[in-house]
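Let's take a walk through this one, starting with a few buried side chains, moving on to the charged pairs and ending with the pockets. Have the viewer open as you read.

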Amino acid sequence: MTRLELKNHQVWRDLTEILESLDANILVQEHLDQCDYQVCGYWDEQDEYYETITLPRTLEAELVSSSIGVTHKERFLQLKFSLIADAVDHTKTASSKAQKLGELVLIYNENLEFVDENWLLDVDSLIK
């Protein structure tokens, strides 16, 4: 019986190489530019509907996880980001504090073409 260990498989080395060479923050910025920093038709966790949520333009993204998926007909890459904005304190010290606004999951096909998105937003920090 042959024992296959995925941790030593070439697919993991290839995926690691792709993720290391991929500028994930640029993918998020391109996506935000395309949607003009707006999320339309958003339902929050309390089933409250928001027609449009406008995100701050100073938003930064941090890649927190990545995964690959395989079905019988498709392969895809899923990237999960934390969305972070600077909350500026306008007192004499003029310090800034990073504030997590939510998460964004971007899904790409095997040609790195955008397929889908999933938002999880802290609407209390975004709606003023």
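Contact here means heavy atoms within 4.5 Å. Keep in mind that you're looking at a predicted model.

With that cut-off in hand, start at Leu-15, which sits in helix α1, residues 10–21. Leave out the neighbours within four places in sequence, and Leu-15 is in contact with Ile-68 and Leu-77. The Leu-77 partner is a long way off along the chain: 62 residues separate it from Leu-15, yet their C-alpha atoms are 9.5 Å apart. Leu-15 has a relative accessibility of 13%, so it counts as buried, the limit being under 20%.

Hang on to those three names, since they come back at the largest pocket. That pocket holds about 280 Å³ of space. It is lined by 13 residues, and the closest to its centre are Leu-15, Ile-18, Ile-68, Leu-77 and Glu-110. Three elements, α1, β3 and β4, each give two or more residues to the lining. Helix α1 gives the most, with four residues. As for character, the lining splits into eight nonpolar, two polar and three charged residues.

Glu-110 leads us to the charged pairs. Side chains of opposite charge can pair when their charged atoms come close. How many salt bridges does the structure hold? There are four. In one of them, Glu-110 pairs with Arg-75, with the closest N and O atoms 2.9 Å apart. Glu-110 is in the loop between β5 (96–109) and β6 (114–121), while Arg-75 belongs to strand β4 (residues 75–88), so this pair ties together parts that are 35 residues apart in sequence.

Another salt bridge joins Asp-36 and Arg-57, and here the closest N and O atoms are 2.6 Å apart. Both partners are in loops: Asp-36 between α2 (24–34) and β1 (38–43), Arg-57 between β2 (49–54) and β3 (60–70), so the bridge links parts 21 residues apart in sequence. Is each partner buried or exposed? Asp-36 is partly exposed at 40% relative accessible area, whereas Arg-57 is exposed at 53%.

Next come Glu-103 and Lys-100, whose side chains form a salt bridge at 3.2 Å, N to O. Glu-103 counts as buried at 17% relative accessibility, but Lys-100 counts as partly exposed at 44%. Add Lys-80, and you have a network of salt bridges linking Lys-80, Lys-100 and Glu-103.

Lys-100 also turns up beside Ser-82, a residue of strand β4. Setting aside neighbours within four places in sequence, Ser-82 is in contact with Glu-60, Ala-61, Glu-62, Val-64, Lys-100 and Gly-102. Ser-82 is buried, at 10% relative accessible area.

Gly-102 then takes us to the second largest pocket, where it is one of the lining residues, along with others including Asp-44, Leu-120 and Asp-122. This pocket holds about 160 Å³. β6 and α3 are the elements that give two or more residues to its lining. The lining is made up of three nonpolar, two polar and four charged residues.

Finish in helix α3 (residues 123–126), at Ser-125. The Ser-125 side chain reaches the backbone oxygen of Asp-122 at 2.8 Å. Not counting residues up to four places away in sequence, Ser-125 touches Gln-99 and Leu-101. At 9% relative accessibility, Ser-125 counts as buried.

Methods
Residues numbered from 1 in each chain as written. Predicted model: local features only at pLDDT ≥ 70, side-chain atom pairs only at ≥ 80, totals over all residues. Heavy atoms only, no water. Buried < 20%, exposed > 50% of the residue type's maximum accessible area, 1.4 Å probe, protein only. Polar contact = N/O pair within 3.5 Å; in protein donor to acceptor, adjacent residues only side chain to side chain. 1 Å grid on protein atoms, 1.4 Å probe; cavity = no way out; pocket = protein on both sides within 12 Å on 5 of 7 lines; lining within 4 Å. Points joined across faces, edges and corners; volume = space filled by probe spheres on them. Nonpolar A, V, L, I, M, F, W, Y, C, P; charged D, E, K, R; others polar.
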